[in-house]
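Me: I'd like to go through this model with you and ask what stands behind each label. Could you set the values against the cut-offs as we go?

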Amino acid sequence: MNPHHHRFHSRWPLPAPAPVVHGILERVENYPRWWPQVREVTRIDAATGTARIRSVLPYDLVVVLRAQRRDPVAGILEVRLDGDITGRARWTVTPVATGGCLARYDQEAEIRKPLLRRLAVPARCLFRANHALMMRAGRRGLTAYLEAV
């Protein structure tokens with residue numbers, strides 16, 4: 001097992017149609033409006049941007065996001081991650097019978113930030129808990145954002 005490698009999976013039931021949620025998730029530059037831990041996003045071009053992320057633990061992650069797949073029909077958004085973490089992240093948004101949708105987030109990443117690599121083994125459970133808190137706040141933030149728009 002590589003202590004620097006992580007896989008994360010989150011499921012967000014949301015009270016809006018899949019195309020609406022897909023459209024919001026596609027506009028990554030707006031994430032800081034509804035996701036507190038996504039502190040800053042800067043577009044570089046139509047397919048690339050940088051994001052600065054910070055959750056409960058006292059460190060920032062700076063990541064370059066490169067669009068790999070945008071498929072509104074299938075509800076898929078996939079990016080390549082480079083920087084403090086490398087790997088990929090993918091949203092899959094599907095309708096549910098109640099009229100809302102399910103947004104699934106899957107991430108596979110390797111820690112590249114030197115300090116976090118040194119802490120990989122002793123702090124693994126803290127990193128995972130930090131990510132879980134971030135995802136929970138993201139779901140709550142997006143739910144509130146959907147209700148406001």
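**Labels and their reasons**

Reply: Happy to. Let's start with Asn130, which sits in helix 4, residues 124-148. Keep in mind that this is a predicted model.

Me: What makes Asn130 count as buried?

Reply: Its relative accessibility is 8%. Buried means under 20%, so Asn130 earns the label with its 8%.

Me: Which residues does Asn130 touch, not counting residues up to four places away in sequence?

Reply: Those are Ser55, Val56, Leu57 and Tyr59. With Ser55 there is also a polar contact between the side chains, at 3.4 Å.

Me: Why is that pair, Asn130 and Ser55, called a polar contact?

Reply: The cut-off is a pair of N or O atoms within 3.5 Å, where one must be able to donate a hydrogen and the other to accept it. The side chains of Asn130 and Ser55 are joined at 3.4 Å, so the distance meets that limit.

Me: How far apart are Asn130 and Arg54, in sequence and in space?

Reply: They are 76 residues apart in sequence and 9.4 Å apart in space, C-alpha to C-alpha. For Arg54 and Ala129, which are 75 residues apart along the chain, the C-alpha separation is 13 Å.

Me: Where is Arg54, and what makes it partly exposed?

Reply: Arg54 is in the loop between strand 3 (48-53) and strand 4. Its relative accessible area is 28%. Partly exposed lies between the 20% and 50% limits, so 28% puts Arg54 in that class. Leaving aside neighbours within four places in sequence, Arg54 is in contact with Gln37, Arg39, Tyr59 and Asp60.

Me: And Ala67, why does that residue count as partly exposed?

Reply: Ala67 lies in strand 4. Its relative accessibility is 25%; with buried meaning under 20% and exposed over 50%, Ala67 therefore counts as partly exposed. Ala67 touches Ala47, Glu78 and Val79, again not counting residues up to four places away in sequence.

Me: Now the strands. How do you know that strand 5 and strand 6 pair?

Reply: Pairing asks for at least two bridges. Strand 5 (residues 76-83) and strand 6 (residues 85-95) have 6 bridges, in the antiparallel sense, so the condition is met. One of the partnerships is Leu81 with Gly87 in strand 6. The two strands form a hairpin with 1 residue between them.

Me: What supports the pairing of strand 6 and strand 7?

Reply: Strand 6 and strand 7 (residues 101-111) pair antiparallel over 11 bridges, and since at least two are needed, that qualifies because of the count alone. Ile85 has Ile111 as its bridge partner in strand 7. This hairpin has 5 residues between the strands, and Gly99 takes a positive phi near 100° in it.

Me: How many bridges join strand 2 to strand 3?

Reply: There are 6 bridges between strand 2 (residues 38-45) and strand 3, which run antiparallel. Glu40 stands opposite Arg52 in strand 3, and the hairpin they belong to has 2 residues between its strands.

Me: Back to strand 7: why is Gln107 called buried?

Reply: Gln107 is found in strand 7 and has a relative accessible area of 7%. The limit is under 20%, so Gln107 is buried. The side chains of Gln107 and Tyr105 are joined by a polar contact of 3.1 Å. Beyond four places in sequence, the contacts of Gln107 include His6, Phe8, Leu81 and His131.

Me: What makes His6 buried?

Reply: His6 is in strand 1 (residues 5-14). At 4% relative accessibility, against a limit of under 20%, His6 counts as buried. Among the residues in contact with His6 are Gln107, Glu108, Phe127 and Arg128.

Me: How many cavities of 30 Å³ or more are there?

Reply: The count comes to 1 cavity. About 750 Å³ of space lies in the largest cavity. It has 43 lining residues, and the closest to its centre are Ile53, Leu65, Leu81, Tyr105 and Gln107.

Me: What is the lining of the largest cavity made of, by class?

Reply: There are 28 nonpolar, 7 polar and 8 charged residues in the lining. Strand 4 (residues 61-71) gives the most, with 6 residues.

Definitions and conventions:
Residues are numbered from 1 along each chain as its sequence is written. This is a predicted model: local features need pLDDT of at least 70, side-chain atom pairs count only at pLDDT 80 or more; totals for chains, interfaces and linings use all residues. Side-chain values use heavy atoms; hydrogens and water are left out. Helices (H or I, at least four residues) and strands (E, at least two) are DSSP runs, numbered from the N terminus. Buried means under 20% relative accessible area, exposed over 50%, partly exposed in between (1.4 Å probe, protein chains only). Contact means heavy atoms within 4.5 Å. On a 1 Å grid over the protein atoms alone, a cavity is a set of points where a 1.4 Å probe fits but cannot get out, and a pocket is an open set with protein on both sides within 12 Å along at least five of seven lines; lining residues have an atom within 4 Å of a point. Grid points are joined across faces, edges and corners, and a volume is the space filled by probe spheres set on the points. Ala, Val, Leu, Ile, Met, Phe, Trp, Tyr, Cys and Pro count as nonpolar, Asp, Glu, Lys and Arg as charged, and the others, Gly among them, as polar.
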